[in-house]
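Hi there,

Here is the structure I wanted to hand over to you. Have a look at it first, and then read on for what was found.

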Amino acid sequence: MSAASHASAAEKIGFFFVGGQYERDINATDSYRVGVGLPLIGLFGSSGAIALSGDLSYLRHTAPLTTGAFQPYYGGGLGLGAALATNGSASAAAVSLYPNVLGGANYAFTDRWSAFAEASAGPRVILGGGGASIGLGFGIRLGANYKLR
């Protein structure tokens, strides 16, 4: 019998334009990532709006990072979002679901710091305001990661 140890799995924390993420390696090429974002917050007199988003993604890197500074990857994810807006006399809320495919690349500046760029696309389902809508969603994520171990 053999036992798998997670002690050697790399872990990264990262930030992007409107949020943060945690990524953990499963093996030399695969990892999972959990992210959370605050893409909208605004207060305008007695009106305001706030949105919160989160995602869970599976990533497959095309080669181990030790082969060079540039490392492409692809994968899939599931994004969830919620938004609340008010104008002082009325409020509205909506939730969204975003299953997607994604592709991107990391560029390692050091053995600990890397930058990344990623694009995603998939159907976006929005429930709120007394109805539902389905459309095509797109996303872009730019940011940096720091490898913990």
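Read from start to end, the chain follows the pattern β-β-β-β-β-β-β-β, with zero helices and eight strands. Helices (H or I, at least four residues) and strands (E, at least two) are DSSP runs, numbered from the N terminus. Before you go further, please note that this is a predicted model, in which local features need pLDDT of at least 70 and side-chain atom pairs count only at pLDDT 80 or more, while totals for chains, interfaces and linings use all residues. Residues are numbered from 1 along each chain as its sequence is written, and side-chain values use heavy atoms, with hydrogens and water left out.

Of the 149 residues in the chain, 31% are buried (under 20% relative accessible area; exposed is over 50%, and partly exposed lies in between, with a 1.4 Å probe and protein chains only). Among contacts with a separation of 6 or more, 49% link residues 24 or more positions apart; contact means heavy atoms within 4.5 Å.

Now the strand pairing (two strands pair if DSSP finds at least two bridges between them). E7 and E8 run antiparallel and are joined by 16 bridges; one example is Ala119, whose bridge partner in E8 is Ile140. Two residues lie between these strands in their hairpin, where Gly129 takes a positive phi near 65°. Strand E1 (residues 11-16) also pairs with E8 in the antiparallel sense, over five bridges, and there Ile13 has Tyr146 as its bridge partner.

Next, the empty space. On a 1 Å grid over the protein atoms alone, a cavity is a set of points where a 1.4 Å probe fits but cannot get out, and a pocket is an open set with protein on both sides within 12 Å along at least five of seven lines; lining residues have an atom within 4 Å of a point. Grid points are joined across faces, edges and corners, and a volume is the space filled by probe spheres set on the points.

The largest pocket holds about 610 Å³ of space. Its lining has 34 residues, and Ser53, Asp55, Tyr98, Arg124 and Arg141 are the closest to the centre. E6 gives the most to this lining, with seven residues. By class, the lining has 19 nonpolar, 10 polar and five charged residues (Ala, Val, Leu, Ile, Met, Phe, Trp, Tyr, Cys and Pro count as nonpolar, Asp, Glu, Lys and Arg as charged, and the others, Gly among them, as polar).

There are two cavities of 30 Å³ or more. The second largest has a volume of about 40 Å³, and its lining includes Arg33, Leu59, Tyr73 and Phe116.

Three of those names come back in the largest nonpolar core, which consists of Phe16, Leu59, Tyr73, Leu102 and Phe116. Such a core is a set of buried Ala, Val, Leu, Ile, Met, Phe, Trp, Tyr and Cys residues joined through side-chain atoms within 4.5 Å. Beyond its neighbours within four places in sequence, Tyr73 is in contact with residues including Arg33, Leu59, Leu102 and Phe116.

One last residue to look at is Leu78, in strand E5. Is Leu78 buried or partly exposed? Leu78 counts as partly exposed because its relative accessible area is 39%. Leu78 and Pro99 are 21 residues apart in sequence, yet their C-alpha atoms are 4.4 Å apart in space.

Best wishes
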